[in-house]
Amino acid sequence: MNKLIKMGLISLVTVGLAGGVFNTTSTLSDNNTVSAAKHHVKNINNNDLTTGYGENSLKPGYYKTDVEFTNQDTWFTKKGHKVVAIKSSQQDDVLLFATKKQYNKLQNGTKATVTLHAKKEKINGEEGIDLYITKLSVISGGTSAKAKAKQAHQKLLDALGAKRDELNQSSEQSVGVDVITDMKEVMDHSYDVSLDSAAIDGNETEVKALITNINTTLVQTAKANGDEAPSFEYYVGSMKVAVNKVFNPEQIKMKN
């Protein structure tokens, strides 16, 4: 009899949210040479962005860099623009001026490529440099409908990955192997789950009960994170051993 089933450690579990196998990390893209119709745009490292006044301030002109927006609570309106903060290696965050349309695409943690106009203005009665966003291209973490959908999808994948890890932790304790050796999304709402051969070390009834419990756990996790009709196919090696049903995804159908 399958040791996993004997131990009773693979069972329905409550849905949880955590990082897992699907977790991915967005990285800032490399700066690329930019040409503008009216202005020469210079690539610059975001840590070299300086505002205010003094010898170390940027010269008036146009600059392009990758940034991460932060400190949402400090954003406020000034001169018809929103003042937004970005992460910097400096002690204080660097402040940029954004239009209302640009501002509405941003939130704490948004990563973007920006083209900035460094303008000489009066700052506290002295001439200094203010930075205005003239072009904004969101890389990740924005608030557009597309960005929100991407974030929701990543949340789903993270939750499934976390649930996979929980199931594997139980199987490690019982038989010393991960019951799920791999899990990947092959298309929207469709996932392939690879099982260790230990998962089918039993008769047909035992194996079906085990895969049913695994499937129910994964389906409930998917539904709790916005995927109402997830499709799971289960493999041992290259052999498909089970699929869940289309109209009742918490039930499975065994394959010969």
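**Exercise 1.** Leaving aside its neighbours within four places in sequence, with which residues is Asn-215 in contact?

*Solution.* The structure is a predicted model, and the steps below should be read with that in mind. Begin by placing the residue: Asn-215 is found in helix 4, the helix that spans residues 204-224. Next consider its accessibility, which at 0% lies under the 20% limit, so Asn-215 counts as buried. Finally, list the partners beyond four places in sequence: Asn-215 is in contact with Phe-232 and Tyr-234, and also with Asn-244, Pro-249, Glu-250, Gln-251 and Ile-252. Of these partners, Tyr-234 falls within strand 10 (231-236) and Asn-244 within strand 11 (239-244), while Ile-252 belongs to strand 12 (252-254).

**Exercise 2.** Determine whether Thr-216 is buried or exposed, and state how far its C-alpha atom lies from that of Asn-244.

*Solution.* Thr-216 also has its place in helix 4. Its relative accessibility is 7%, which is under 20%, and therefore Thr-216 counts as buried. For the distance, compare the two C-alpha atoms: Thr-216 and Asn-244 are 28 residues apart along the chain, and their C-alpha atoms are separated by 9.3 Å.

**Exercise 3.** Describe the largest nonpolar core, and identify the element that gives the largest share of it.

*Solution.* The largest nonpolar core has 24 residues, and those with the most contacts inside it are Leu-195, Ile-214, Leu-218 and Tyr-234. Two or more residues come from each of helix 3 (145-175), strand 8, strand 9, helix 4, strand 10 and strand 11. The largest share, seven residues, is supplied by helix 4. To see how one member is surrounded, take Tyr-234, which, apart from neighbours within four places in sequence, is in contact with Val-193, Leu-195, Ile-211, Ile-214, Asn-215, Leu-218, Met-239, Lys-240, Val-241 and Ala-242. Another core lies apart from this one; it has 21 residues, among them Val-84, Ala-98, Ile-129 and Leu-131.

**Exercise 4.** Work out the strand order of the open five-stranded sheet, and name its edge strands.

*Solution.* The order of the open sheet is 8-9-10-11-12, and its pairing is mixed. Strand 8 and strand 12 are the edges, since each pairs on one side only. From one strand to the next, the twist averages 25 degrees. Within the sheet, strand 10 and strand 11 pair in the antiparallel sense over four bridges, and Tyr-235 stands opposite Lys-240 in strand 11.

**Exercise 5.** Trace the pairings made by strand 4 (residues 81-86) with strand 2, strand 3 and strand 5.

*Solution.* Start with strand 2 (residues 61-70), which runs antiparallel to strand 4 and is joined to it by two bridges; here Thr-70 has Ala-85 as its bridge partner in strand 4. Continue with strand 3 (residues 76-78), which pairs with strand 4 in the antiparallel sense over three bridges, with Lys-82 in strand 4 as the bridge partner of Thr-77. End with strand 5 (residues 94-98), where the antiparallel pairing with strand 4 extends over five bridges, and where Val-94 stands opposite Ile-86.

**Exercise 6.** Explain why the phi of His-189 deserves attention, and classify its accessibility.

*Solution.* Most residues other than glycine have a negative phi. His-189, although it is not a glycine, has a positive phi of about 70 degrees. This residue sits in the loop between strand 8 (180-187) and strand 9 (190-195). Its relative accessibility of 44% lies between the limits of 20% and 50%, so His-189 counts as partly exposed.

Note on methods:
Residues are numbered from 1 along each chain as its sequence is written. This is a predicted model: local features need pLDDT of at least 70, side-chain atom pairs count only at pLDDT 80 or more; totals for chains, interfaces and linings use all residues. Side-chain values use heavy atoms; hydrogens and water are left out. Buried means under 20% relative accessible area, exposed over 50%, partly exposed in between (1.4 Å probe, protein chains only). A nonpolar core is a set of buried Ala, Val, Leu, Ile, Met, Phe, Trp, Tyr and Cys residues joined through side-chain atoms within 4.5 Å. Contact means heavy atoms within 4.5 Å. Axes are lines fitted to C-alpha atoms, for helices over the stretch in contact, and angles run from 0 to 180 degrees between N-to-C directions.
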